[in-house]
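Open your viewer, get a cartoon on screen, and keep the selection box handy. We'll hop from one selection to the next and say what is there.

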Amino acid sequence: MIAAIAFYLFAAVLIASAVMVVTSRNPVHSVLFLILAFFNAAALFLLAGAEFLAMILVIVYVGAVAVLFLFVVMMLDVDFSAVREGFQKYAPVGGAVGAILFLELVLVFGSWTFAEEAGALRVNPMPIGVDNTRAIGRILYTDHVWLFQLAGLILLVAMIGAIVLTLRGRATSKRQDISKQVNRLGSVNLRQVRSGAGLAEIGIERPPVDPPPAPKQVEHHGGGHH
């Protein structure tokens, strides 16, 4: 009874926070609601007996990804008024894409059928001596290792594409070409200088330094202590 109440409570908060992530006008608030959604999802994983996934969700997504999102959003100087100006212009395209995605979801869930043994597998106890961490590792790195490597390759390509799309070269920036500097005629002259020689031997004289001004003499006029 308590587990069911906790499940519905965490699920309700998770759905509400996910909706607020999309509908919040302030991106900082969206990231904060995203962190709340991650915590509630981790709680649901704990209720399901997958403590490894819960800890990974908290450590990786909340501790690294969500905090990184928050720092990036707070450091970027985004002009939200300029962003909202093109909303009405692209609203029909966005509505059409949303309608297509909604129809796809309806078709997927409408044709979804559960396997006959799914109900029995849900209530089966966990095998003795096999925890969920070991089971996840066996599935990822043994049964589906090629799919796991393919997912990593797709993420690598996405990262490279993001860098290429956001990289902008400035025409006013000056770059140093060391090969041109070294290969320039007369740019480098080598001279054999004996050990302990000063700068005067190679033709470099120190500029004359003016002597420091003499301290002012303070005159004491007579008079004693009263």
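Is Phe7 buried, exposed or partly exposed? Its relative accessibility is 41%, so Phe7 counts as partly exposed. Keep in mind as you click around that this is a predicted model.

**Zoom out**

Before going on with the rings, colour by secondary structure. You'll find nine helices and zero strands in the protein chain, so reading from the N terminus gives α-α-α-α-α-α-α-α-α. Switch to a surface next: the chain exposes about 20,200 Å², with carbon and sulfur atoms supplying 69% of that. Of the 226 residues, 9% are buried. If you like contact maps, take the contacts between residues at least 6 apart in sequence: 51% of them join residues at least 24 apart.

**Select Phe7 and Tyr8**

Show both side chains as sticks. The model has three aromatic pairs. In one of them, the ring centres of Phe7 and Tyr8 sit 5.5 Å apart with planes at 75°, and because an angle over 60 degrees counts as edge-to-face, that is the label this pair gets. Tyr8 has 60% relative accessibility, so Tyr8 is classed as exposed.

**Select Tyr141 and Phe148**

Here is another edge-to-face pair: the rings of Tyr141 and Phe148 have centres 5.0 Å apart and planes at 75°. Tyr141 is exposed, at a relative accessible area of 51%; the cut-off for exposed is over 50%. Phe148, at 33%, counts as partly exposed.

**Select residues 145-166**

This is helix α8. Now colour Leu147, Leu150, Leu153, Ile154, Leu156, Val157, Met159, Ile160, Ile163 and Val164: they form a nonpolar patch on the surface, with about 950 Å² of accessible area together. Click on Ile163, one of the patch residues. How accessible is Ile163? Its relative accessibility is 48%, which makes Ile163 partly exposed.

**Overlay the record**

An unreviewed UniProt entry lists residues 6-24, 31-50, 56-78, 90-115 and 146-167 under "transmembrane region". Try two of those spans in the viewer. Residues 6-24 are 95% helix and 0% strand, with end C-alpha atoms 26 Å apart. Residues 146-167 are also 95% helix and 0% strand, and there the end C-alpha atoms lie 32 Å apart.

**Select residues 27-47**

This one is helix α2, and Ser30 sits in it. Ser30 is buried, since its relative accessible area is 11% and buried means under 20%. What does Ser30 touch, not counting residues up to four places away in sequence? The answer is Met20, Val21 and Ser24.

Stay in helix α2 and pick Phe33. At 27% relative accessibility, Phe33 counts as partly exposed. Leaving aside neighbours within four places in sequence, Phe33 is in contact with Ser17, Met20, Val21 and Ser24. Draw a distance from Phe33 to Ser17, C-alpha to C-alpha: the two are 16 residues apart in sequence and 5.3 Å apart in space.

For a last view, show Ser30 and Phe33 together with Met20, Val21 and Ser24. These three appear among the contacts of Ser30 and among those of Phe33.

Technical notes:
Residues numbered from 1 in each chain as written. Predicted model: local features only at pLDDT ≥ 70, side-chain atom pairs only at ≥ 80, totals over all residues. Heavy atoms only, no water. Helix = DSSP H or I, 4+ residues; strand = E, 2+ residues; numbered from the N terminus. Buried < 20%, exposed > 50% of the residue type's maximum accessible area, 1.4 Å probe, protein only. Contact = heavy atoms within 4.5 Å. Phe/Tyr/Trp six-rings, centres within 6.5 Å; stacked < 30°, edge-to-face > 60°. UniProt positions renumbered as here; feature names shortened; annotations may be inferred. Patch = residues over 30% accessible without salt bridge, like charges linked within 9 Å, V, L, I, M, F, W, Y side chains within 5 Å. Areas by Shrake-Rupley, 256 points an atom, 1.4 Å probe, with all protein chains shown as cover. Salt bridge = Lys/Arg side-chain N within 4 Å of Asp/Glu carboxyl O.
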